[in-house]
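Please open the structure in your viewer and keep the selection tool at hand. The tour proceeds by one selection at a time.

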Amino acid sequence: MTHAQLLAMSPMLIVSATSVVVMLAIAIKRHHDFVASLSLAGLALALASTAVVWHAAAAPSAITALLVIDPFACFYMAMILVAALGVTALSHTYLARYQGHREEMYLLLLLSTLGGMVMVASCHFMSFFLGLELLSMPMYGMAAYLVKDRRSLEAGMKYLVLSAVASAFIVFGMALVYSQTGTMVFAEIGARLAKITGGEHIAMLGAALLLIGLGFKLSLAPFHLWTQDVYEGAPAPVASFLATASKIAVFALLLRYAIETHATSYTALVDALTLLAILSIVAGNILALQQWNLKRLLAYSAIAHFGYMLVALIASGPLATEAVAIYLLTYSITTLAAFGVITLVSSPLDHEIQALSDYRGLFWQRPGLAAILTLALLSLAGVPLTAGFLGKFYVLGAGVDKRQWVLLGAIVAGSAVGLFFYLRAMIQLFLRPADPSTVSAPSALLPWARGAGGAMLITTLLLMLALAVYPTPFIKLAHSAGIEQQRSALRYSCCDDPASRQ
């Protein structure tokens, strides 16, 4: 490997090295604060190296036939690392009073983060699947981490079983596509499919199986039935990682695959994606109306949001790619803020505060947390002058650009329904608490801001405000990460050798 390739891989190498160091530190002596600090330092260093690589990556840098480091990969790696940093900080606060082994959570989190980074840099079926499994397997343990909590164990088991089924669909789909194209390289699958005659139906069946497996990972309807139970049972920081970093990685890979294989040029696939988008928007919003549990409400909300993002994927083109980047950015930051509030008001020793009735009067008890949760809910609803409005505006723009009127109607109707249940949850925060003695004194307004979790929550608040008030720098970053600008360079040099393509 050349020095340029080693530099391009530095974010993944740093996260890998941090995982090894954390594992050794746990083996030598358990110390929760020290292991958490090591994890935060390693993730922060990897994030800094991603910025360096992005600045240096004027052209895509191929790492064998499996990975490519380009601005697209750097942008989504940075998003995954930011989410991982936030979850690590929340985990430190959440597990501070947990009676049991706490340090393995950070090791699992680092390994899962590495899997997500591999996925967004994948240009080959092999790296795609290896990254997916490295992302998923640690999350089984993370979801079931509270081993004395029946709901946590149930969440881990459900996610394990159903995720294994989804992986089987993905592998079978890969096999069918490979049988018709003779290649696993994304950039060549589309070109070879256009030339084959007589095997189109088998290739489309393979694409459908891939879509089913990825639909499970993204909680798209009708493959969403695990989502609400896993969100509810998993520890709040783990649920936030599942809702952000995990889905960022999967959707970024789906976007790269769709662009490189020209998937949206096939009518059957577009129709399938359209159906999934409409089902996700309808099911996510309608089912959320029936929820009085905040974590389950956020789970159904995620289903609807990824339905919105599918609209941009279907539209395709540079504007659509930019819309996906901006929507994922605003959604992940907002979701981290919402789960951050749940984390800081909950404890693994007793039970998490999940019922909306438990949040009644939060403004009078912890006004800072109530303000952040209010802004997060308004942003998820897409209210103007919030971060979420920016993402939804771009998705609508991408849909209008390609005249996707049916999907645009679904977005508008879904947003109207979503506004109701977001406001219903928000109103609970400002009602007077049943016990007037719980109203906070002025000197106790910001006790939650101490520690890593509080610092993370304040950071997400500042990012939400920045995206709402001055989004230009974020829009420029999303534009520079567009994969369309690099398509002429995506015949990777490592693939010039026919022997390296398989």
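The stops below concern a predicted model and visit two helices in turn.

**First stop: helix 7.** Select residues 150-181, which form helix 7. This helix has 32 residues, and the distance from its first C-alpha to its last is 46 Å, close to the 46 Å expected at 1.5 Å a residue.

**The two ends of helix 7.** Next, select Asp-149 together with Arg-151. Asp-149 caps the N-terminal end of helix 7, with a side-chain oxygen placed 3.0 Å from the backbone nitrogen of Arg-151. Then move to Gly-182, just after helix 7, where phi is positive at about 75 degrees.

**A surface patch.** Select Met-157, Leu-160, Val-161, Leu-162, Val-165 and Phe-169; these residues make a nonpolar surface patch of about 480 Å². Leu-160, one of the residues in this patch, is found in helix 7. Is Leu-160 buried or exposed? Its relative accessibility is 33%, so Leu-160 counts as partly exposed, since that class lies between the limits of 20% and 50%.

**Second stop: Phe-430.** Now select residues 405-430 to display helix 19, which includes Phe-430. Phe-430 has 35% relative accessibility and therefore counts as partly exposed. Which residues does Phe-430 contact, leaving aside its neighbours within four places in sequence? Select Phe-363, Trp-364 and Thr-374 to see these partners. Finally, add Ala-376: from C-alpha to C-alpha, Phe-430 and Ala-376 are 15 Å apart in space, while 54 residues separate them in sequence.

Technical notes. Residues numbered from 1 in each chain as written. Predicted model: local features only at pLDDT ≥ 70, side-chain atom pairs only at ≥ 80, totals over all residues. Heavy atoms only, no water. Patch = residues over 30% accessible without salt bridge, like charges linked within 9 Å, V, L, I, M, F, W, Y side chains within 5 Å. Areas by Shrake-Rupley, 256 points an atom, 1.4 Å probe, with all protein chains shown as cover. Salt bridge = Lys/Arg side-chain N within 4 Å of Asp/Glu carboxyl O. Helix = DSSP H or I, 4+ residues; strand = E, 2+ residues; numbered from the N terminus. Buried < 20%, exposed > 50% of the residue type's maximum accessible area, 1.4 Å probe, protein only. Expected span 1.5 Å × (residues − 1). Polar contact = N/O pair within 3.5 Å; in protein donor to acceptor, adjacent residues only side chain to side chain. Contact = heavy atoms within 4.5 Å.
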